[in-house]
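The paragraphs below are intended for a reader who meets this structure for the first time. They begin with the general build and then turn to selected parts.

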There are 2 protein chains.
Amino acid sequence: MSTVRVAVVGLGMIGGSVARRLAPHHDVRVWDSDPATRTAADRAGLQVTDDLAGTDVVVVATPLEAMPTVLSGLSTSDGPLVTDVGSVKVPVLAAARAAGLAGRYVGGHPMAGVERSGFAAADPELLAGAVWVLTLEDDTDLAGWLAVAELVTGAGGRVLPTTAAAHDEAQARISGLPHLLATALAVAGGRGGPLAGALAAGSFRDGTRVAGTRPELVAALCDGNRVALARVLDETLAELTSARDALAGDGSVLPLATAGHQARRAWAEAAPAVGVTLDRDTPNLRDDLLALGAAGGSLDAVTSQQLHGRRPDVSGSPGQGRLRP
Amino acid sequence: MSTVRVAVVGLGMIGGSVARRLAPHHDVRVWDSDPATRTAADRAGLQVTDDLAGTDVVVVATPLEAMPTVLSGLSTSDGPLVTDVGSVKVPVLAAARAAGLAGRYVGGHPMAGVERSGFAAADPELLAGAVWVLTLEDDTDLAGWLAVAELVTGAGGRVLPTTAAAHDEAQARISGLPHLLATALAVAGGRGGPLAGALAAGSFRDGTRVAGTRPELVAALCDGNRVALARVLDETLAELTSARDALAGDGSVLPLATAGHQARRAWAEAAPAVGVTLDRDTPNLRDDLLALGAAGGSLDAVTSQQLHGRRPDVSGSPGQGRLRP
């Protein structure tokens with residue numbers, strides 16, 4: 001693919017990994033609010049600057065709470081495409097719309113671990129083969145979406161198209177909830193003192209692993225997705241309360257154990273479509289992309305003949321901040 | 001250590017592992033109610049027989065629900081020491097007492113995984129270095145307890161002394177609860193369909209791993225420990241309800257995340273005493289053993305000079321079912 005002028009704002013583990021992943025292939029500039037991080041990025045060979053002029057794509061990789069400020073700073077009328085790497089999408093989409101970026105904002109979320117943090121933990125290999133959500137709403141510019149998708153797939157990501165709302169509900173189920181349950185389990189184990197600690201083995205170790213995540217990161221990903229997570233947590237509380245009542249009475253947890261076993265196996269055996277290409281001229285491309293994501297499928301590359309033959313018309317003169325083909 | 005005549009009744013993963021672990025060093029007989037399992041054990045070179053006469057130690061390794069029947073079958077007045085490998089101890093202790101075995105019953109629980117099952121999954125290495133609970137009650141014969149402890153440590157187990165009640169509470173925290181939370185998480189993820197499944201990564205995979213355990217085993221370990229587990233689950237439901245209310249309002253899960261993080265780190269960094277030996281002539285040996293276990297410590301070997309110099313007086317004429325020194 002062609003060289004793209006990318007700016008990465010925020011150089012934590014994900015932002016740093018994105019920058020280092022893209023730098024060998026694109027014109028990458030980086031910025032972080034922390035001087036020590038900027039120094040580290042400079043020493044790692046990245047081009048550190050707060051001048052975003054002429055950028056094709058801005059990747060916002062700051063903490064979630066800083067994103068609205070960064071997004072409103074990008075709300076020029078003729079600016080670049082804007083994507084982000086935040087773990088929740090509805091609030092960031094709302095901030096992007098509020099900043100007048102609706103059409104050229106493509107919400108992004110690379111599904112990579114959050115246990116470590118900071119530029120020192122950045123690793124370009126972290127993103128190799130990672131599922132990378134790109135949100136597609138009714139008001140998203142499809143050509144811009146495809147351009148960001150090409151950038152991501154070119155960096156080895158597998159693009160899963162979905163809406164911000166569907167992402168956040170799924171995220172509550174498979175990230176917020178596991179983090180909450182892991183912390184609750186760690187607390188329950190801790191209350192058992194050294195005896196319980198000494199008896200703890202695989203099930204406790206695995207079940208509490210993500211409780212080792214920095215509490216601020218856990219709080220950010222849970223609090224940031226509070227509406228969807230509270231709803232999912234209500235479901236889970238109901239399941240656990242049923243199990244508790246079965247135990248306190250004369251019942252069995254077998255129904256829950258069976259349902260969980262089946263769900264775990266179905267998940268482990270699922271084989272969503274990958275490596276898909278879609279004809280960009282299909283009348284229902286937007287719907288087809290969303291159907292692909294709803295089925296768990298992802299694009300491994302934006303490389304179909306159709307796509308290559310008829311590129312998105314997002315070219316512009318250098319310096320105007322449009323995506324160069 | 002001297003050769004001990006051991007009978008292992010029940011040849012699932014744990015019983016089979018115990019038998020195969022002990023067979024090279026002791027006179028081991030095995031039995032299982034399933035003919036196919038007996039055939040497999042015979043082919044593995046084990047001595048299959050239902051004749052327990054002359055046995056020093058019987059290891060009951062059947063499913064929990066079969067233990068009362070097996071124990072009552074052992075209630076001869078001058079029988080062998082009896083231990084077991086069940087994942088809960090209070091109900092088995094009660095069954096042993098009901099069978100008149102109180103003094104010579106030593107509840108056992110090797111802390112090894114339960115994800116796989118059956119004799120085919122038996123592996124002598126599974127128990128190498130495993131923490132192995134041996135219960136010590138007011139009515140347990142201390143000399144018999146030490147003899148079982150020597151057998152276990154001789155096989156590479158690390159003996160943690162505790163009471164059945166303390167074991168079961170700890171077990172609820174670090175095994176029953178993680179299994180329930182893993183199954184509830186798997187169910188919640190499954191309700192998110194293929195999209196959630198495709199986005200699921202490390203936190204979901206680790207958090208649901210033990211949901212892959214056979215549901216019958218999960219139900220057995222949870223239902224069998226229902227009193228302690230229901231109590232612990234009440235605590236956890238309260239924690240999660242607080243988190244839910246914080247999310248539904250304007251609060252944060254940060255307090256829970258912080259508490260969980262601290263508990264996880266404390267657990268990971270804990271270094272309970274190991275390799276301990278205690279003078280069997282100390283006036284408070286029973287209390288010292290229980291204090292060791294309460295602190296999470298374990299005996300790596302019953303090999304102190306004192307113990308070797310003054311062995312437990314449990315010798316008897318062959319065939320009478322006493323432990324030979």
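The account that follows moves from a whole chain to its strands, its helices and a few individual residues.

The model shown here is a predicted one. Chain A contains 13 helices and 9 strands. Its radius of gyration is 21 Å, close to the 20 Å that the globule rule gives for 325 residues, and chain A is therefore as compact as a globular protein of that length. Measured out along the principal axes, the C-alpha trace of chain A spans about 75 × 50 × 35 Å.

Several totals describe how chain A is folded upon itself. Of its 325 residues, 54% count as buried. Among the contacts in chain A with a separation of 6 or more, 69% are accounted for by residues 24 or more positions apart. The accessible surface of chain A comes to about 12,400 Å², and carbon and sulfur atoms contribute 51% of that area. Chain A also carries 27 positive and 35 negative charges, and the mean positions of these two sets lie 3 Å apart.

The strands may be considered next. Strands of a sheet pair through backbone hydrogen bonds, in either a parallel or an antiparallel sense. In chain A, strand β4 covers residues 57-60. Strand β1, residues 5-9 of chain A, pairs with β4(A) in the parallel sense over 4 bridges. Within this pairing, V8(A) stands opposite V59(A) of β4(A). Strand β4(A) is also joined by 4 bridges to strand β5 of chain A, residues 81-84, and these two strands likewise run parallel. Here the bridge partner of V59(A) in β5(A) is T83(A). Residue V59(A) thus has a counterpart in β1(A), namely V8(A), and another in β5(A), namely T83(A).

The side chains of this strand deserve a separate word. In a regular strand the side chains alternate between the two faces of the sheet. In β4(A), V57(A) and V59(A) point one way, whereas V58(A) and V60(A) point the other way. All four of these valines are buried.

Which order do the strands of the open sheet in chain B follow? The sheet has 6 strands in the order β3-β2-β1-β4-β5-β6, with parallel pairing. At its edges stand β3 (47-48) and β6 (105-106) of chain B; each has a single partner strand, so one side of each is left without a neighbour in the sheet. The partner of β6(B) is strand β5 of chain B, residues 81-84, and the two pair in the parallel sense over 2 bridges. One contribution to this pairing comes from T83(B), whose bridge partner in β6(B) is V106(B).

Further along chain B, strand β8 (residues 131-135) is joined by 5 bridges to β9(B), and the two run parallel. The bridge partner of L134(B) in β9(B) is P161(B). Strand β9 itself, residues 158-162 of chain B, is mostly covered, with 4 of its 5 residues buried.

The helices provide a view of where the two chains meet. Helix α9 of chain B comprises residues 215-223. Its buried residues are P215(B), V218(B), A219(B), L221(B), C222(B) and D223(B). They pack against α10 (226-248) and α11 (254-269) of chain A, together with α6 (164-190) and α10 (226-248) of chain B.

One residue of this helix, A219(B), has a relative accessible area of 6% and is buried. Apart from neighbours within four places in sequence, A219(B) is in contact with S252(A), V253(A) and L254(A) of chain A, and with G224(B). Its C-alpha atom is 9.4 Å from that of H179(B), although the two residues are 40 residues apart in sequence.

In chain A, helix α9 (residues 215-223) holds L221(A). This leucine is buried, with a relative accessible area of 7%. The C-alpha atoms of L221(A) and G176(A) are separated by 6.5 Å, while 45 residues separate the pair along the chain.

Is a residue in a loop of chain B, S298(B), buried or exposed? S298(B) lies in the loop between α12 (285-294) and α13 (305-309) of chain B. Its relative accessible area is 1%, and S298(B) is accordingly buried. Beyond its neighbours within four places in sequence, S298(B) has contacts that include R158(B), V159(B) and L160(B), as well as A273(B), V274(B) and L292(B). P283(B), by contrast, is 15 residues away in sequence and 20 Å away in space, C-alpha to C-alpha.

Methods:
Residues are numbered from 1 along each chain as its sequence is written. Chains are lettered from A and ligands numbered from 1 in the order in which they are written. This is a predicted model: local features need pLDDT of at least 70, side-chain atom pairs count only at pLDDT 80 or more; totals for chains, interfaces and linings use all residues. Side-chain values use heavy atoms; hydrogens and water are left out. The radius of gyration is taken over C-alpha atoms; the globule rule is 2.2 Å times the number of residues to the power 0.38. Buried means under 20% relative accessible area, exposed over 50%, partly exposed in between (1.4 Å probe, protein chains only). Contact means heavy atoms within 4.5 Å. Accessible areas come from the Shrake-Rupley method with a 1.4 Å probe; for residues, only the protein chains shown count as cover. Lys and Arg count as positive and Asp and Glu as negative; His and the chain ends are not counted. The place of a charge is taken as NZ of Lys, CZ of Arg, CG of Asp or CD of Glu. Two strands pair if DSSP finds at least two bridges between them.
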